[in-house]
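Here is a report on one protein chain. Please keep the model open while reading.

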Amino acid sequence: MKKIEISKMEKRNFKWIYLFLLPSVIIFIMFYLNPIVTVFTTSLTRWDGFNAPKFIGLNNFIEMFNSETFIMSLKNLLYWSLIAATIHVIFGVLIAFILYKKPKGWKFTRAVFMIPNVISAAAWALIYKFIFNDDMGVLNNIIRIFNPDFHVQWFYQSPYAFWAVALTWMFYSVIVTLIVHNDLMSIPEEILEAARIDGATEWRIIMKIQLPLCRNSIGTGVICAVTARIAMYEQIALTTAGGPGNDTMNIPLILVNSISDMKYGYANANGVIMFIIGLIILALVNKIFKMNESVY
């Protein structure tokens, strides 16, 4: 009888659950699902933003994949994604372990590492534009102390521009650090103590216990890092504008340029590619890091 009463009570409560979920569902449909559907449908059209979209099938996608600029942007995305998933994430994980161990000066390290990350991407792009300036930039003036004839315009010369753009975000991985540090703090101390009693060194504890138990947070960090490269715009638009040539071109820049040229259908086709790449990255990381499996 009690089970039947509880079941009836749960059914009565379901209507209130649905009622409280309704605002979130409405917001999702209005601000997420509807724009996504619009992007996919208009990507198959020629649309200038004023006249009605005209269906042209896959022409926008064919034009994209026949464009050297778009192919170069895909290559850049691949390279930047590899850098983000390795150097960027590893650096963030390393800082997380330093903060977790709390060595002497860890509070200073935390402040130095955290403060620059509150500055916007656009502001950092402009700061780096001055840092890498050949005439008055800090970097070149330091190098000229040892090599007086050194002259490189980092953002305007190939192949330096690609790496100059990468350096504007490569070592600013506070999101990865915070996520991994939170996972480290949640590991039961009993597990670590048992490993020490069994004779495990600190290095083995890190490699065999802490890193595996932080698998989900590291995977989340990879997703955040790579998807940020997919959507990266300010760092390029305010420094190289995709140049020199197409050395630093990326998909968001092509999208914005297409909107400026009144090619909304073509711009949305680029948006579809970004969306699909994001889903592929999410699926790959979920599989590699076994995100759906429990770590304990």
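The report below moves from the whole chain to a pocket and then to a single residue.

## Overall form

This is a predicted model. The chain has 14 helices and 2 strands. Its radius of gyration is 25 Å, well over the 19 Å that the globule rule gives for 296 residues, so the chain is more spread out than a compact globule.

Along the principal axes, the C-alpha atoms fill a box of roughly 75 × 60 × 30 Å. Of the 296 residues, 36% are buried. Among contacts with a separation of 6 or more, 67% join residues 24 or more positions apart.

## Annotated membrane spans

An unreviewed UniProt entry carries the annotation "transmembrane region". According to that record, the annotation covers residues 16-37, 77-100, 112-131, 160-180 and 269-289.

How much of the span 16-37 is helix? The model makes it 100% helix and 0% strand. Its end C-alpha atoms lie 29 Å apart. The span 112-131 is 70% helix and 0% strand. There the end C-alpha atoms are 18 Å apart.

## The largest pocket

The largest pocket holds about 340 Å³ of space. Its lining counts 20 residues. Which of them lie nearest the centre? They are His 88, Asn 117, Trp 169, Tyr 172 and Arg 229.

Three helices, α5 (121-131), α8 (174-186) and α11 (215-230), each supply at least two lining residues. The most comes from α11, with 5 residues. By class, the lining has 12 nonpolar, 7 polar and 1 charged residues. Arg 229, one of the residues nearest the centre, counts as charged.

## Ser 173

Ser 173 sits in the loop between α7 (160-167) and α8. Is this residue buried or exposed? Its relative accessibility is 1%. Buried means under 20%, so Ser 173 counts as buried.

What does Ser 173 touch beyond its neighbours within four places in sequence? The contacts are His 88, Phe 91, Gly 92, Phe 113 and Asn 117. Two of these partners, His 88 and Asn 117, are also among the lining residues nearest the centre of the largest pocket.

The UniProt record places several of these positions in annotated spans. Ser 173 falls within 160-180. His 88, Phe 91 and Gly 92 fall within 77-100. Phe 113 and Asn 117 fall within 112-131.

Key: Residues are numbered from 1 along each chain as its sequence is written. This is a predicted model: local features need pLDDT of at least 70, side-chain atom pairs count only at pLDDT 80 or more; totals for chains, interfaces and linings use all residues. Side-chain values use heavy atoms; hydrogens and water are left out. On a 1 Å grid over the protein atoms alone, a cavity is a set of points where a 1.4 Å probe fits but cannot get out, and a pocket is an open set with protein on both sides within 12 Å along at least five of seven lines; lining residues have an atom within 4 Å of a point. Grid points are joined across faces, edges and corners, and a volume is the space filled by probe spheres set on the points. Helices (H or I, at least four residues) and strands (E, at least two) are DSSP runs, numbered from the N terminus. UniProt positions are given in the numbering used here, feature names are shortened, and annotations may be inferred rather than shown by experiment. The radius of gyration is taken over C-alpha atoms; the globule rule is 2.2 Å times the number of residues to the power 0.38. Buried means under 20% relative accessible area, exposed over 50%, partly exposed in between (1.4 Å probe, protein chains only). Contact means heavy atoms within 4.5 Å.
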